[in-house]
Amino acid sequence: MPESAETDFASRETLQLQPGYRLWPTGLRVKLRRVRFATYGVVKRVLDLVIATGMLVVLSPVFLAVAVMVKMDSPGPVLFRQERVGKNGRIFKILKFRSMAADNDVRDNSCEDKYTRIGGVLRRTSLDELPQLFNVLLGQMSFIGPRPWILDYWTNMDDEERERCKVRPGITGLAAAKGRNDLTIFEKIGYDLEYVRNYSLWQDVKVIVMTIRTVLTHEGAEAGKGGIHNDIEELKRRNAMVEDDAKMAKVVEGE
């Protein structure tokens, strides 16, 4: 990120700062922000590796049981792979237990998603997300962070909204914990930016607690290509309005 962009990012952050901190020079605040951001990034990566490794060992029987059920439930691969946008816009393939029929076209919005019998249970309980522990081990994801979205989201977001990708995407995040698919696309982005600008261990702990409640209540669990399609269309409509406003401003300025 260019120096000017980092300075602008720091000036917009919503950190709860200690008394007197805002009286320090802007340059010093930006440097402290960078150090804090980098330091916690290293600590978080170590925690991700340790916890993911432990969970893969402990949950190996669950992995095996779910894999067998998915394979016996319907023809097709056990795992679902899809390209998503990761940290700083890098593309990677996310892993999930397959919850839909093998012939389901995720980009065809003219028909409903074809969930398998076991797929609905996996989605409601979030067990379909377990294979993302491997994405965590590979450094493509973290336990906590903005959810990784498909490329169509990234291409339709503005520069400020893309700041949500300044950190590794997470298996769960603030937006997911606040209501998942019950939120509008702009609410999701807002919570993601709030998370990035308040990057800390304490915030991660709060997200974990909220996620447990969300999973237990199945809040916002229903999703699908319809929701994704609507989100992207909302971003496109917003962009079209911004372009129209810019054109109108130029016309007025030229008069």
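This report walks through some salt bridges and one helix contact in the structure above. Please keep in mind that the model is predicted.

**Salt bridges**

Side chains of opposite charge can pair when their charged atoms come close. The structure holds 13 salt bridges, and the table lists some of them.

| Salt bridge | Closest N and O atoms |
|---|---|
| Lys-96 with Glu-129 | 3.9 Å apart |
| Glu-129 with Arg-147 | 3.3 Å apart |
| Asp-231 with Lys-188 | 3.1 Å apart |

**A network around Glu-129**

Let's begin with a linked group: Lys-96, Glu-129 and Arg-147 form a network of salt bridges. Glu-129 takes part in a salt bridge with Lys-96 and also in one with Arg-147.

Which parts of the chain does the pair of Lys-96 and Glu-129 tie together? Lys-96 belongs to strand β2, residues 91–97, while Glu-129 sits in the loop between α4 (117–125) and α5 (132–137), so the salt bridge joins parts that are 33 residues apart in sequence.

The salt bridge of Glu-129 with Arg-147, with its closest N and O atoms 3.3 Å apart, links distant parts of the chain as well. Here the loop between α4 and α5 supplies Glu-129, and the loop between β3 (142–144) and α6 (151–155) supplies Arg-147, the two being 18 residues apart.

Are these residues buried or exposed? Lys-96 is buried, at a relative accessible area of 12%. Glu-129 counts as buried too, with 17% relative accessibility, and so does Arg-147, with 16%.

**A bridge between two helices**

Now for Asp-231 and Lys-188, whose closest N and O atoms are 3.1 Å apart. Asp-231 is part of helix α10 (residues 225–254) and Lys-188 of helix α8 (residues 185–197), so their salt bridge ties together parts that are 43 residues apart in sequence. Both ends are buried: the relative accessible area is 9% for Asp-231 and 10% for Lys-188.

**How α3 meets α4**

Two packed helices are described by the angle between their axes and the distance between the axes. For helix α3 (residues 60–73) and α4, the angle is about 145° and the axes lie 8 Å apart.

Which residues of α3 and α4 meet? From α3 come Val-66, Met-69, Val-70 and Asp-73, and from α4 come Arg-117, Ile-118 and Leu-122. By type, the residues of this contact divide into 5 nonpolar and 2 charged, with no polar ones.

Methods. Residues are numbered from 1 along each chain as its sequence is written. This is a predicted model: local features need pLDDT of at least 70, side-chain atom pairs count only at pLDDT 80 or more; totals for chains, interfaces and linings use all residues. Side-chain values use heavy atoms; hydrogens and water are left out. A salt bridge is a side-chain nitrogen of Lys or Arg within 4 Å of a carboxyl oxygen of Asp or Glu. Helices (H or I, at least four residues) and strands (E, at least two) are DSSP runs, numbered from the N terminus. Buried means under 20% relative accessible area, exposed over 50%, partly exposed in between (1.4 Å probe, protein chains only). Axes are lines fitted to C-alpha atoms, for helices over the stretch in contact, and angles run from 0 to 180 degrees between N-to-C directions. Contact means heavy atoms within 4.5 Å. Ala, Val, Leu, Ile, Met, Phe, Trp, Tyr, Cys and Pro count as nonpolar, Asp, Glu, Lys and Arg as charged, and the others, Gly among them, as polar.
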